[in-house]
Amino acid sequence: MSKFSLLIIASSTAAFLGSGGYTLLPREFYDPACDIKGNVSIGSGAKIYHVKGQEDYEATIIRSEYGERWFCSEADARSAGWRRAGR
C-alpha cells in the first residue's frame, strides 16, 4: 500500500472520529435540536439567524443554494458570523 493511500485512510479516520465517529454528515442534517435557521437577506446579504418563537421563524425557509443553513446553537451561529434577528 502506498504512503498516499495510508495518508488518505488516516485522514478519513481522523475526520470520522472528529465528527463523533458515527456520521459523515454535519450534525444539523440529523439532529432535531439543530433548529436555528440561518437566513441570508436578499437585499443586503446580511446573515441573520432566527430561533423558535421569533416573529419570522415559521415563515423562514432555509435554501442552501443561497448559503442559508441550520445551526445547533446560537453560539455556533455567532461564531460563523451570523447575527440574531431583531424580532
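**Notes on the predicted model**

1. Let's start at the surface. Met-1, Leu-6 and Ile-9 come together there as a nonpolar patch, with a combined accessible area of about 350 Å². Please keep in mind throughout that this is a predicted model.

2. Ile-9 deserves a second look. This residue sits in helix α1, which covers residues 3–18. Its relative accessibility is 44%, so Ile-9 counts as partly exposed; the exposed class begins over 50% and the buried class lies under 20%.

3. Now to the interior. The largest nonpolar core has seven residues: Ile-36, Val-40, Tyr-49, Val-51, Phe-71, Ala-77 and Trp-82. In soluble globular proteins, nonpolar side chains tend to be buried together.

4. Phe-71 is a handy residue to click on. Apart from neighbours within four places in sequence, its contacts are Cys-34, Asp-35, Ile-36, Gly-38, Asp-76, Ala-77, Ala-80 and Trp-82. Among these, Ile-36, Ala-77 and Trp-82 also belong to the largest nonpolar core.

5. Next, the strands. β1 (residues 36–40) and β2 (residues 47–50) run antiparallel and are joined by four bridges. Lys-37 is found opposite His-50 of β2. The two strands make a hairpin, with six residues between them. In its turn, Gly-45 has a positive phi of about 80 degrees.

6. What is the sense of the pairing between β2 and β4? It is parallel, over two bridges, with β4 made up of residues 83–84. Tyr-49 has Arg-84 in β4 as its bridge partner, and Tyr-49 is also one of the core residues from point 3.

Technical notes: Residues are numbered from 1 along each chain as its sequence is written. This is a predicted model: local features need pLDDT of at least 70, side-chain atom pairs count only at pLDDT 80 or more; totals for chains, interfaces and linings use all residues. Side-chain values use heavy atoms; hydrogens and water are left out. A nonpolar core is a set of buried Ala, Val, Leu, Ile, Met, Phe, Trp, Tyr and Cys residues joined through side-chain atoms within 4.5 Å. Buried means under 20% relative accessible area, exposed over 50%, partly exposed in between (1.4 Å probe, protein chains only). Contact means heavy atoms within 4.5 Å. Patches are made of residues with over 30% relative accessible area and no salt bridge: like charges are joined within 9 Å, nonpolar side chains (Val, Leu, Ile, Met, Phe, Trp, Tyr) within 5 Å. Accessible areas come from the Shrake-Rupley method with a 1.4 Å probe; for residues, only the protein chains shown count as cover. A salt bridge is a side-chain nitrogen of Lys or Arg within 4 Å of a carboxyl oxygen of Asp or Glu. Two strands pair if DSSP finds at least two bridges between them.
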